[in-house]
Amino acid sequence: MTVPVSPRPVRALLVEGVHPIAADLLATCGVAVEQVDRALDPGELVRRLHGVQVLGLRSGTQVTADVLAQAPDLQVVGAFCIGTNQIDLQAATAHGVAVFNAPFSNTRSVVELAVAEIIALTRRLTVHDDAMHTGIWRKSAKGSHEVRGRRLGIVGYGKIGSQLSVLAEALGMRVSFFDTADRLALGNARRCATLDELLADSDVVSLHVDGRPGNSGMFGEEQFAAMVPGALFLNLSRGFVVDHAALRRHIDSGHLAGAAVDVFPDEPAAAGDPFESDLRGLPNVILTPHVGGSTEEAQQDIGRFVATKLIGYLQHGTTGLSVNLPEVQPARPAGTVRLVLLHRNQPGTLAHVNELLAGGDLNVEQQVFATSGPVGYVVTDVRGPLAPAVVDRMRGMPETIRVHVLPG
């Protein structure tokens, strides 16, 4: 008697302390989960990805083209954060790896930190706190202001910048913003035509730009010099967009009254590792270890949201809100086998697929097809015995990137 061999369980690697709810949800669906509480360098990441289909990470682990080339088992990556610049999306698509992120879950946490830092810097709370802890009573109104009536300039008016705009206006601030994309101004916020216009008319400047390579070094000596004397500067976006040495010079000179920075060009891999920065030791400067989105509420929401996307992809091939694949998320007819094909966007692919299915005597119950740029994505639900030869022929098509078979 031949004993059927059970398929190997899907394996997941979650790094950088992803919230435990993600591991719990994946495990409930039969995924074997390994958890690591720190970022991994490329060499260790490649070693650990052997035989792993699912990778979950935050912002510190780099998934490069070289890593992807050495991880043939990898099917899907979940970024448990907003940004995906730590992942080579073009290479992921080329290798048939879906990528998901959490574009909404921690935006409120970032906004609340920005509001808290604006108030703390405007009132010079860190300076007063430092003096009190050294036993000095220095009661003075000098340099302290109300936020009401102050001018806030927001650079980047996306999901976070626009929320900050609403809360700041509720505090009585006058809000202006600059964004290279067309954005709807909320409330009484005023759009600036140029960054220079915003800098010349803001008591507080807060950066909320994304991680695209073109933003690297966007804020340096020229931009700090253009800011209003005595202004405050915040960066809760990406570390590489700001010249920290230039920021220090403008704080040391007294041109700027303070700053709050949550992101850095080079960040330690794990909690407790040494931290170096040009900004250490400056008065009225708040430094936080990339915790803008790190509230318990946000991390739990992110863990649930991204894990659900990963499970949907593994079980049903659904790609809703994927950052690199066409979005397809059809309901699945009961009792069908689902074939999922990621392919190069070439004419005739769908006809080729259906020819193979017809040749295998398979009845198509449902088929959903979408393309995005250089790739296409086909989800086909069929009835009837699916011969391995049909799948092999589909994998052998010249336009095929990756094929998944999802039994009913």
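Tutor: Let's start with a ground rule: two strands count as paired when DSSP finds at least two bridges between them. Keep in mind, too, that we're looking at a predicted model.

Student: Okay, with that rule, which strands form the open sheet that includes S8, and in what order?

Tutor: Seven strands form that sheet, and reading across gives S8-S7-S6-S9-S10-S11-S12, with parallel pairing. Strand S8 (190-191) and strand S12 (285-287) have a single partner strand each, so they sit at the edges with one side lacking a neighbour in the sheet.

Student: How many bridges hold S11 and S12 together?

Tutor: Strand S11 (residues 256-261) pairs with S12 over three bridges, in the parallel sense. If you want a spot to click on, Ala 260 has Ile 286 in S12 as its bridge partner.

Student: And the helices on this sheet? Which strands does H5 touch?

Tutor: Helix H5 (residues 107-122) packs on the sheet and touches S6, S9, strand S10 (231-235), S11 and S12. The direction of H5 makes about 150 degrees with that of S10. Then there's helix H7 (residues 159-170), lying across S6, strand S7 (174-178) and S9 and running at about 170 degrees to S6.

Student: What is the order of the five-stranded open sheet?

Tutor: That one goes S2-S1-S3-S4-S5, again with parallel pairing. Here the edges are strand S2 (32-35) and strand S5 (98-100); each has a single partner strand, so one side of each has no neighbour in the sheet. From one strand to the next, the twist averages 15 degrees. At the S5 end, strand S4 (residues 76-79) is joined to S5 by three bridges, and Val 76 stands opposite Ala 98.

Student: What lies across those strands?

Tutor: Helix H1 (residues 20-28) crosses strand S1 (11-14) and S2, at about 160 degrees to S2. Helix H11 (residues 296-316) lies across strand S3 (54-57), S4 and S5, at about 165 degrees to S4.

Student: Parallel or antiparallel: how do S14 and S15 run?

Tutor: Antiparallel: nine bridges join strand S14 (residues 363-372) to strand S15 (residues 375-383). One facing pair is Gln 366 and Asp 381. The two strands make a hairpin with two residues between them, and Gly 373 in the turn has a positive phi of about 60 degrees.

Student: Let's zoom out. Where do the domains fall along the protein?

Tutor: The domain assignment lists domain 1 (8-101 + 295-325), domain 2 (106-287) and domain 3 (328-407). Taken over C-alpha atoms, the centres of domain 1 and domain 2 are 31 Å apart. Their contact uses eight residues from domain 1 and nine residues from domain 2.

Student: How do I read that interface, then? What is buried between domain 1 and domain 2?

Tutor: About 670 Å², with 57% of it on carbon and sulfur atoms. On the domain 1 side, Ala 39, Ile 82 and Asn 85 supply 54% of the area buried against domain 2, more than any other three residues. Three residue pairs are in polar contact between the two domains, while the salt-bridge rule finds zero there.

Student: How many salt bridges does the structure hold?

Tutor: There are 17 in the structure. One of them is Arg 151 with Asp 203, with the closest N and O atoms 3.0 Å apart; the cut-off for this call is 4 Å. Arg 151 lies in strand S6 (residues 151-155) and Asp 203 in the loop between helix H8 (195-199) and strand S9 (204-207), so the pair ties together parts 52 residues apart in sequence.

Conventions: Residues are numbered from 1 along each chain as its sequence is written. This is a predicted model: local features need pLDDT of at least 70, side-chain atom pairs count only at pLDDT 80 or more; totals for chains, interfaces and linings use all residues. Side-chain values use heavy atoms; hydrogens and water are left out. Helices (H or I, at least four residues) and strands (E, at least two) are DSSP runs, numbered from the N terminus. Axes are lines fitted to C-alpha atoms, for helices over the stretch in contact, and angles run from 0 to 180 degrees between N-to-C directions. Contact means heavy atoms within 4.5 Å. Domain bounds come from an automatic or database domain assignment. Buried area is the accessible area (1.4 Å probe) that two parts lose on being put together, summed over both. A salt bridge is a side-chain nitrogen of Lys or Arg within 4 Å of a carboxyl oxygen of Asp or Glu. A polar contact is a pair of N or O atoms within 3.5 Å; within protein, one must be able to donate a hydrogen and the other to accept it, and residues adjacent in sequence count only if both atoms are side-chain atoms.
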